[in-house]
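Reader: I am in my first year and still learning how to read a structure slowly. Could you take me through one part of this one with care, and then show me what lies around it?

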Amino acid sequence: MLINWPGGWKKSFQHFSFYDVISSFAKIKKGEKPDIPIERLRNKACVVGMAASGLMDIKPIPIEPLYPAMGVNAAILDNIIRANFFHEVPDGFIIALIIIISLVTGGFVSIYHPVRDFFASVIIITIYSAAAVVSFICLKVWINIIYPAAAILVTYIGLTLYNEVQINLEKKSLFRLATTDRLTNLFQKEHFNTLMRIKLSE
């Protein structure tokens, strides 16, 4: 499951020493004043466990470098009680998105404007990433950013290389048409004279 972290460990949950809770309960039974405001525990879900910084179950999380495993359980319990989960879009949606984005990118990549097309690809990646972040924050829906962004770059690079190859082949074809007689398949007189001058100058 994707945990919707309520925040940092110390700020998100109220903490009481277990000893103080037991001691306060005993004092209330005796009619004495408790050590902690025991009414704060009324109608609350309480998680009991160790949270010392030297324990083995202290782990890093995205929002905090040290977070006790008990805090992870408390965060999950908080998600369940509030029904406040993050959801991941299905793989089929991501695959369809990659195909659509690749087709859109391929639609504007041309032979004559590689620099413009590069910046357009960067703009598409930026817009998509911003939309994914907004959906994550506002709708609690996690959409993969890496694969579609990589698809945009791969499409741009692949089509740009393909266009460069096509340009070189077209140049060779035009050069052959300009320097070769189509009937005899021999060099034309002007090109032949140019080759002779180059050879004689050597």
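Reader: Does Ala83 count as buried or exposed, and at what relative accessibility?

Author: Please keep in mind from the start that this is a predicted model. Ala83 counts as exposed, at 61% relative accessibility, because a residue is called exposed when that value is over 50%. Its place along the chain is the loop between H3 and strand S3, the strand made of residues 87–88. The backbone of Ala83 also deserves a look, since its phi is near 50°, which is a positive value in a residue other than glycine. There is a second case to set beside it: phi of Lys140 is near 60°, again positive in a residue other than glycine. Lys140, too, is found in a loop, the one between H5 and strand S4 (141–142), but with a relative accessible area of 26% Lys140 is partly exposed.

From Ala83 we can step back into helix H3, which covers residues 69–82. Ile81 lies in this helix, and with a relative accessible area of 59% Ile81 is exposed, although its side chain is nonpolar by the kind of residue it is. If you follow the chain from Ile81 to Phe136, you pass along 55 residues, and the C-alpha atoms of these two are separated by 20 Å. Arg82 counts as exposed as well, at 59% relative accessibility. The side chain of Arg82 meets that of Asp78 in a salt bridge, with 2.7 Å from N to O, and the two residues, four apart in H3, are separated by about one helical turn. Asp78, unlike its partner, is buried, because its relative accessible area is 16% and the limit for buried is under 20%.

By the same rule for such bridges, the count comes to three salt bridges. In one of them the side chains of Asp35 and Lys27 meet at 2.7 Å, N to O; Asp35 is partly exposed, with a relative accessible area of 41%, and Lys27 is partly exposed at 25%. In another, Asp117 and Arg116 meet through their side chains at 3.0 Å, N to O, and here Asp117 counts as buried at 1% relative accessibility, whereas Arg116, at 46%, counts as partly exposed.

Helix H3 also leads us to the largest pocket, which holds about 850 Å³ of space. Among the 25 residues that line this pocket, the closest to its centre are Phe13, Gln14, Ala45, Cys46 and Val47. The elements that give two or more residues to the lining are helix H1 (9–12), helix H2 (18–29) and H3, and the largest share, six residues, comes from H3.

Phe13, one of the residues closest to the pocket centre, takes us on to the aromatic rings. A search of the whole structure finds six aromatic pairs. In one of them the rings of Trp9 and Phe13 have their centres 5.7 Å apart and their planes at 50°, so this pair is tilted. Trp9 is buried, with a relative accessible area of 10%, and Phe13 is buried at 19%. Another tilted pair is formed by Phe118 and Tyr156, with ring centres 5.9 Å apart and planes at 55°. Phe118 lies in helix H5 (residues 114–138) and Tyr156 in helix H6 (residues 146–179), so the pair ties together parts that are 38 residues apart in sequence. Phe118 counts as partly exposed at 37% relative accessibility, while Tyr156, at 10%, counts as buried. Ring pairs also link Trp5, Trp9, Phe13 and Tyr67 into a cluster.

Finally, we can turn to the nonpolar interior. The largest nonpolar core has 10 residues in all, among them Val89, Leu97, Tyr128, Ile143 and Ile152, and helix H4 (91–108), H5 and H6 each supply at least two residues of this core. Leaving aside its neighbours within four places in sequence, Leu97 is in contact with Tyr128, Ile143 and Pro148. A second, separate core of nine residues includes Ile3, Met70, Ala74 and Ala75.

Technical notes
Residues are numbered from 1 along each chain as its sequence is written. This is a predicted model: local features need pLDDT of at least 70, side-chain atom pairs count only at pLDDT 80 or more; totals for chains, interfaces and linings use all residues. Side-chain values use heavy atoms; hydrogens and water are left out. Rings of Phe, Tyr and Trp (its six-membered ring) pair if their centres lie within 6.5 Å; planes under 30 degrees apart count as stacked, over 60 as edge-to-face and the rest as tilted. Buried means under 20% relative accessible area, exposed over 50%, partly exposed in between (1.4 Å probe, protein chains only). A salt bridge is a side-chain nitrogen of Lys or Arg within 4 Å of a carboxyl oxygen of Asp or Glu. A nonpolar core is a set of buried Ala, Val, Leu, Ile, Met, Phe, Trp, Tyr and Cys residues joined through side-chain atoms within 4.5 Å. Contact means heavy atoms within 4.5 Å. On a 1 Å grid over the protein atoms alone, a cavity is a set of points where a 1.4 Å probe fits but cannot get out, and a pocket is an open set with protein on both sides within 12 Å along at least five of seven lines; lining residues have an atom within 4 Å of a point. Grid points are joined across faces, edges and corners, and a volume is the space filled by probe spheres set on the points.
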